[in-house]
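Biologist: Could you walk me through how the labels in this model are earned? I would like to see each value next to its cut-off.

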Amino acid sequence: MSEHAHPSDHPAYPVGLRLAGRRVVVIGGGQVAQRRLPALIAAGADIVLVSPSATPSVEAMAASGEIHWERRRYVEGDLADAWYVLVATADTDANERVSAEAERSRIWCVRSDDASAATAWTPATGRSEGLTVAVLTGRDPRRSAAVRDAIVEGLRDGTITARHQRTRTPGVALVGGGPGDPDLITVRGRRLLAEADVVIADRLGPRDLLDELPPHVEVIDAAKIPYGRFMAQEAINNALIEHAKAGKAVVRLKGGDPFVFGRGMEEVEALAAEGIPCTVVPGISSSISVPGAAGIPVTHRGVAHEFTVVSGHVAPDDERSLVDWAALAQLRGTLVILMGVDKIGAIARTLIAGGRAPHTPVALIQEGTTAAQRRVDATLATVADAVTTEEVRPPAVIVIGEVVAVGPEATRAHHRD
Ligand SMILES: C[S@@+](CC[C@H](N)C(=O)[O-])C[C@H]1O[C@@H](n2cnc3c(N)ncnc32)[C@H](O)[C@@H]1O
């Protein structure tokens, strides 16, 4: 070090330590250790914690074997064989002694109590899909954290697009877009959407996200793909295959979860038959989230220990129906019906005939999680009339069971008998 410069006048030199299998000594088992240990564990470090006490979370890390805990105070020599040291005790004197041993042994040492006395600083870090973001400002950890948050958030929501030059493979991502609110897509789904060349979207799901896509992205409405001599689904499969074969990054954006009445597996199979790689990204299904958005828990302690999700797109007496309505009528738990608005009269009659009480509460939630969300309450006996008088239209989720009546009374249109 030059005799003119104070160490803190210089910026820190950033580096990525590869700690796998290397000894890291942590002195002090409090909140600081609790915050730092998970990243050290994730890095594969051989961690020795020296501390007479530890927080319950740190104790759990020791109990599970992720760290080795020496339950005692620091003594000179504890840093032998260490590559890196983290000092985080409430005892300044102990911190100084550890620091001095680290300095003598040429071991990089982070100090939680005095950054200016430390030989290393922990950056504010975050991870997103294989990228590590590390931000150092030296003396302003809050600013580092704020910059880190902005970068990670941008990577996750796709406003900072860092295309995977080495790992990005053309193919299709089958993305569950959630029930409609654009905030309810997964982080991964949103990132893949931001990286797409072509997006084939359904009518349901977070349509607002499509407006945010850059102009070069081709957005195709699945409902409008001309299907000529094919079935509509075959035409969608063909469009996916064609764009993927042209080397495009294709996102198939679906409402809710791709595998809940979403025909997702048919698309996966069609792509597999052509040898096209396909990633499936789960989504928040309307079957749980739409009731939740309307204040209805699908289970509730002491009320319902089960919920069953059923498609109501064919009537109970239709020979194509695969649903055992008589068995469902015997359940006491929650029934969630998707695609059931048109057939709810026949469904309610069948459930009552099978033994479900006519006064069982029912709620219909139309366009859940969107600005147009509305909820209509009824009973099994009145639901058919309620759908007509309230002009309930698809898409709607129908919830049947006592859970409809729990929770604070919201603004509901009641049709009780
Ligand atoms: C073909 S299914 C697809 C379900 C989707 N894969 C899921 O997991 O939510 C379509 C049905 O889902 C329900 N649905 C989807 N989004 C909805 C929303 N935002 N509000 C109400 N119902 C919705 C309706 O019952 C609609 O008829």
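**How the labels are earned**

Modeller: Happily! The residues of the shell around the ligand divide into twelve nonpolar, ten polar and two charged. Here Ala, Val, Leu, Ile, Met, Phe, Trp, Tyr, Cys and Pro count as nonpolar, Asp, Glu, Lys and Arg as charged, and the others, Gly among them, as polar. This is a predicted model, where local features need pLDDT of at least 70, side-chain atom pairs count only at pLDDT 80 or more, and totals for chains, interfaces and linings use all residues. Residues are numbered from 1 along each chain as its sequence is written.

Biologist: What makes a residue near the ligand, and which come nearest?

Modeller: The C-beta atom, placed from the backbone, must lie within 6 Å of the molecule. Of the 24 residues around the ligand, G256, V260, S285, S286 and G368 come nearest.

Biologist: Which helix gives the largest share of that shell?

Modeller: That is α9, with three residues; helices are DSSP runs of H or I with at least four residues, strands runs of E with at least two, numbered from the N terminus. Both α9 (286-293) and β17 (396-400) supply at least two shell residues.

Biologist: Why is A124 called buried?

Modeller: A124 has 20 C-beta neighbours inside 10 Å, so it counts as buried. The label takes 20 or more other C-beta atoms within 10 Å, with exposed at 12 or fewer and partly exposed in between.

Biologist: What is A124 in contact with, beyond four places in sequence?

Modeller: V135, P141, S144, A145 and R148 are its contacts there, a contact being two C-beta atoms, placed from the backbone, within 7 Å.
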